[in-house]
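Subject: Structure handover

Hello,

Here is the structure I promised to pass on. Please open it before you read my notes.

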Amino acid sequence: MTVLIGLLLAALVLAIGAAAAFAVTAVRARHRHRRVLGEQGWRLERERQTAASGAVAAERARIARELHDIVSHNVSVMVVQAAAASEVLAASVDAVPPDVTAALSAVEGAGRDALKELRHLLGLLSPSADGQDGSDPDDFAPQPGLDALSRLVDRVAFAGLPVDVRITGTPRPLPAGIDVTAYRIVQEALTNALKHGDAERAEVSVRYTETGLRIEVLNTSRPGAQPGLTTVSGSGRGLLGLRQRVAVYGGDFDARRRFGGGFRVRARIPLDPA
């Protein structure tokens with residue numbers, strides 16, 4: 001009887017020891033699993049932040065180039081015209097009021113100062129790491145606007161995506177920056193539809209109102225197509241840049257999946273009354 005009790009006690013001790021060892025092993029395994037998940041999450045978050053930072057930097061560089069093309073060109077014309085007017089008046093046989101000459105000189109000087117400040121600010125917006133301009137020469141080509149929309153639609157249709165275009169309201173000349181932004185919205189939306197290959201057709205709507213410009217691009221998915229990789233929240237590389245472009249002009253931008261398939265990009269940009 002004593003031997004049997006001893007054996008039972010020994011077995012109980014062994015069982016308790018085994019259970020304790022298993023519990024310790026399980027706890028350690030759980031801690032390792034949590035640590036691995038934490039490291040993976042940290043790496044994914046870091047990669048996401050790096051990608052987002054790269055997208056922002058690239059878009060800031062493009063915005064800087066386009067602003068330089070648009071604003072610098074117009075201010076340069078102003079300076080040249082003011083200088084030419086001063087020379088014409090100086091060569092005139094008629095007496096020129098001193099106030100007129102002083103005003104033209106002030107305009108010319110202010111324009112030159114504005115150009116200097118503009119170049120400085122654009123350098124801050126998109127600085128070069130080595131101080132050299134390594135941009136593609138094509139990036140400095142004249143920027144397209146909505147007048148180039150038909151050519152864009154033709155290229156997309158030729159690539160295999162039929163596009164319907166609807167323009168409502170009374171078209172009018174747009175400020176150069178807004179014109180470029182509107183074109184880029186349509187271009188990015190159609191390019192995404194082509195890139196991800198799940199769109200059957202697309203619709204582009206441009207609406208001119210008294211107080212704003214509204215742009216909407218819809219695409220319909222093919223039956224059975226898998227959703228593309230375009231980010232619904234608008235934080236993808238191209239969509240992030242578009243959101244920033246529209247925000248520069250005080251507008252609203254939204255990009256999301258459509259119920260039942262497809263994608264929708266919508267923007268509203270305020271305009272001064274015509």
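Below are my notes, going from the overall layout to the sheet, the core and the salt bridges.

**Overall layout**

Please keep in mind that this is a predicted model. The chain has 274 residues, and 30% of them count as buried. It holds five helices and five strands. In sequence order the pattern reads α-α-α-β-α-β-β-α-β-β. The accessible surface comes to about 17,500 Å². Carbon and sulfur atoms own 60% of that surface. Take the contacts in the chain with a separation of 6 or more: 71% of them link residues 24 or more positions apart.

**The sheet**

The five strands build an open sheet with mixed pairing. Their order is β1-β2-β3-β5-β4. Which strands stand at the edges? They are β1 and β4. Each has a single partner strand, so one side of each has no neighbour in the sheet. Neighbouring strands are turned by 10 degrees against each other on average, direction ignored.

Two pairings involve β5. It pairs with β3 in the antiparallel sense, over eight bridges. L213 has I269 of β5 as its bridge partner. V217 is bridged to V265 of β5. Strand β4 covers residues 252-257 and also runs antiparallel to β5, with six bridges joining the two. There, A255 has V265 as its bridge partner. So V265 is worth finding on your screen: it is the β5 partner of V217 and of A255.

The hairpin of β4 and β5 has five residues between the strands. One residue of that hairpin to look at is G260, which takes a positive phi near 95 degrees.

**The core**

In soluble globular proteins, nonpolar side chains tend to be buried together. Here the largest nonpolar core has 35 residues. Which of them touch the most other members? They are V163, V186, L190, L213 and F253. Helices and strands both contribute. The elements α3 (149-158), α4 (176-196), β2, β3, α5 (237-248), β4 and β5 each supply at least two residues. The largest share comes from α4, with eight residues.

L213 makes a good starting point. Leaving aside neighbours within four places in sequence, its contacts include L146, L174, I178 and A182. V206, R207 and Y208 are also among them. So are A267, R268, I269 and L271. One of these, I269, is also the bridge partner of L213 in β5.

**A buried asparagine**

N219 is found in strand β3. Is it buried or exposed? N219 counts as buried, at 9% relative accessibility. Not counting residues up to four places away in sequence, N219 touches A193, A199, R201 and A202. It also touches R258, G261, G262 and F263.

**Salt bridges**

How many salt bridges are there? The count comes to five. Three of them are described here.

- D164 with R201: the closest N and O atoms are 3.1 Å apart. D164 lies in β1 (residues 163-168) and R201 in β2 (residues 199-208), so the pair ties together parts that are 37 residues apart in sequence. Both ends are partly exposed: D164 has a relative accessible area of 37%, and R201 has 33%. R201 is also one of the residues that N219 touches.
- E216 with R266: the closest N and O atoms are 2.5 Å apart. E216 sits in β3 (residues 212-221) and R266 in β5 (residues 263-270), so this pair ties together parts that are 50 residues apart in sequence. E216 counts as buried, at 18% relative accessibility, because the cut-off for buried is under 20%. R266 is partly exposed, at 39%.
- D254 with R256: the closest N and O atoms are 2.9 Å apart. Salt bridges that share partners join D254, R256 and R264 into one network. R256 is partly exposed, with a relative accessible area of 40%.

**Where to look**

If time is short, look at three places. Start with L213, a core residue with a bridge partner in β5. Then go to the E216 and R266 pair, which links β3 and β5. Finish at the network of D254, R256 and R264.

Best wishes

Technical notes:
Residues are numbered from 1 along each chain as its sequence is written. This is a predicted model: local features need pLDDT of at least 70, side-chain atom pairs count only at pLDDT 80 or more; totals for chains, interfaces and linings use all residues. Side-chain values use heavy atoms; hydrogens and water are left out. A salt bridge is a side-chain nitrogen of Lys or Arg within 4 Å of a carboxyl oxygen of Asp or Glu. Helices (H or I, at least four residues) and strands (E, at least two) are DSSP runs, numbered from the N terminus. Buried means under 20% relative accessible area, exposed over 50%, partly exposed in between (1.4 Å probe, protein chains only). Two strands pair if DSSP finds at least two bridges between them. A nonpolar core is a set of buried Ala, Val, Leu, Ile, Met, Phe, Trp, Tyr and Cys residues joined through side-chain atoms within 4.5 Å. Contact means heavy atoms within 4.5 Å. Axes are lines fitted to C-alpha atoms, for helices over the stretch in contact, and angles run from 0 to 180 degrees between N-to-C directions. Accessible areas come from the Shrake-Rupley method with a 1.4 Å probe; for residues, only the protein chains shown count as cover.
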